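Visitor: I'm new to this one, so please pick a single part and give me a close look at it.

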Amino acid sequence: MRKDDCIFCKIANGEIPSKTLYEDDTFRVILDLGPAAKGHALLIPKEHAANLYELPDETAGKVLVLAKKMAVQMTDALKCDGFNLVQNNGEVAGQTVHHFHLHLIPRYADDGQAINWVPGNPTQDELEAVRKQIVE
């Protein structure tokens, strides 16, 4: 089901032109208009889900398979040095379009990007408290 006011629904379903790299009945993969690096693409389901939490399990199961296929193809074609898969959920996490999508970002030694985080340094007790909070 598509959402009438969602730009990614319109792009994924071909109503808005895009630089499409791949398309099937479930997904469209397009070049990002504001790329982090050469070849940065978006893997977008045609069915609307605002984020990972709403994504149907069947679709979620297909996302990584297609991401791997695209990463292999893009790495071979673009001769990149590495690859990031990035998926944001919620504004605080950097999500700006509220339609699930996975960023496929080829990385190059000199691309100037820093798609990373500052590692914390929790104690074993802090880790155990978080583990218990999640599993109980």
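Guide: Two residues are in contact when they have heavy atoms within 4.5 Å of each other. This is a predicted model, where local features need pLDDT of at least 70, side-chain atom pairs count only at pLDDT 80 or more, and totals for chains, interfaces and linings use all residues. Residues are numbered from 1 along each chain as its sequence is written, and side-chain values use heavy atoms, with hydrogens and water left out.

Let's look at strand 3, which covers residues 41–45. Helices (H or I, at least four residues) and strands (E, at least two) are DSSP runs, numbered from the N terminus. Five of the five residues of strand 3 are buried (under 20% relative accessible area, 1.4 Å probe, protein chains only), so this strand is largely enclosed by the rest of the structure.

Now follow the strand's two faces. Ala41, Leu43 and Pro45 point one way, Leu42 and Ile44 point the other way, and all of them are buried. In a regular strand, side chains alternate between the two faces of the sheet.

Next, the neighbours. Strand 3 pairs with strand 2, residues 27–31, in the antiparallel sense over five bridges; two strands pair if DSSP finds at least two bridges between them. Within this pairing, Leu31 stands opposite Ala41. Strand 3 is also joined to strand 5, residues 102–107, by three bridges, again running antiparallel. Look at Ala41 once more here, and you'll find Leu104 of strand 5 opposite it.

From the other end of strand 3, we can hop over to a helix. Setting aside neighbours within four places in sequence, Thr59 is in contact with Pro45, and also with Thr26 and Phe27. Thr59 is found in helix 2, residues 57–78. This threonine has 10% relative accessibility, which means that Thr59 counts as buried.

Asp57 is found in helix 2 too, but here's a contrast in surroundings: Asp57 has a relative accessible area of 70%, so this residue is exposed (over 50%; values in between count as partly exposed).

Two distances give you a feel for the layout. From Asp57 to Leu104, you cross 47 residues in sequence and 20 Å in space, C-alpha to C-alpha. Thr59 and Gly94 are 35 residues apart in sequence, with 22 Å between their C-alphas.
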